[in-house]
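Hello,

Here is the structure I promised to pass on. Please have a look, then read my notes below.

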Amino acid sequence: MTTTSTTGSLPLAPGRWAVDTNHSSIGFTIRHLGVSKVRGRFTRFEADVVIGDTLDTTTVNATIDVASIDTANADRDAHVLSPDIFDVAKRPTMVFRSTRIAGAGVDYQIDGDLTIGDITRPIVLAVELGGIESIPGGGPRHAGFEATTEIRRKDFGIDLAMPPGVSGVVLGDVVKVELDLQLLEPES
């Protein structure tokens, strides 16, 4: 990824770009028993993306409803949300707030703070601009982005209620996060 001064700009019109939730997703993978991956997604989220005149004045803030987890297995989802693992009563949302955006062309990096429950940690999103297109027949232009990061669940106090040393075998610590976002250009 090429990074440059944050004073550059994105090839997007300044203003508040809305997330097209019908064409966006937040997914993740985590190792199970160290032998395979479990994939999931969050179905309810919102983002506030304000494109400024420069990268310094561009901000990204997002909130994910943790209870919207979907791993294609209702029993597993209920267990993940229980006090045994995530404890959704104590951690109902995940909140991301950008602190710095850098890059050029199609490759960008967004530094920010991720808060899960009462713990905030810095994370870095590697972001790729997929393009900007108009919808046939009119309407706002759409911009597509892919972003990836990795977080460690234990950094946010998320562990399994298991005997010491066992939880790492059952559920991996590293969670790979993949975002596919389509944004709608603000009306002029």
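Keep in mind that this is a predicted model. I start with helix H1, residues 74–81. Three of its residues are buried: Asp77, Val80 and Leu81. They share one side of H1, because the arc they cover around the axis is only 95°. Strand S6 (69–70) is among the things that cover these buried residues.

The start of H1 has a contact to look at. There, asparagine 73 brings a side-chain oxygen to within 3.1 Å of the backbone nitrogen of aspartate 75.

Two residues in the loops around H1 have positive phi without being glycine. The first to check is alanine 72, in the loop between S6 and H1. Its phi is near 70°. Alanine 72 is exposed, with a relative accessible area of 73%. The other is aspartate 87, with phi at about 60°. Aspartate 87 sits in the loop that runs between H1 and strand S7 (93–104). Is aspartate 87 buried or exposed? It counts as buried, because its relative accessibility of 11% falls under the 20% cut-off.

Next, threonine 29. It belongs to strand S2, residues 25–32. Threonine 29 is buried, with 8% relative accessible area. Which residues does threonine 29 touch, leaving aside those up to four places away in sequence? They are Lys37, Val38, Arg39, Val174, Val175 and Lys176.

Now the chain as a whole. The protein chain has two helices and eleven strands. Read from the N terminus, the order of elements is β-β-β-β-β-β-α-β-β-β-β-α-β.

On dimensions, the C-alpha trace spans about 55 × 35 × 30 Å along its principal axes. The radius of gyration is 18 Å. A compact globule of 188 residues would have one near 16 Å, so the chain agrees with that expectation.

On packing, 38% of the 188 residues count as buried. Take the contacts in the chain with a separation of 6 or more: 59% of them join residues 24 or more positions apart.

On the surface, the protein chain exposes about 10,200 Å². Carbon and sulfur atoms supply 52% of that area.

If you open just one region, I would pick H1 and its two flanking loops. There you can view the buried side with Asp77, Val80 and Leu81, the asparagine 73 contact, and the positive phi values of alanine 72 and aspartate 87.

Best wishes

Key:
Residues numbered from 1 in each chain as written. Predicted model: local features only at pLDDT ≥ 70, side-chain atom pairs only at ≥ 80, totals over all residues. Heavy atoms only, no water. Buried < 20%, exposed > 50% of the residue type's maximum accessible area, 1.4 Å probe, protein only. Helix = DSSP H or I, 4+ residues; strand = E, 2+ residues; numbered from the N terminus. Arc of directions from axis to C-beta. Contact = heavy atoms within 4.5 Å. Polar contact = N/O pair within 3.5 Å; in protein donor to acceptor, adjacent residues only side chain to side chain. Rg over C-alpha atoms; globule rule 2.2 N^0.38 Å. Areas by Shrake-Rupley, 256 points an atom, 1.4 Å probe, with all protein chains shown as cover.
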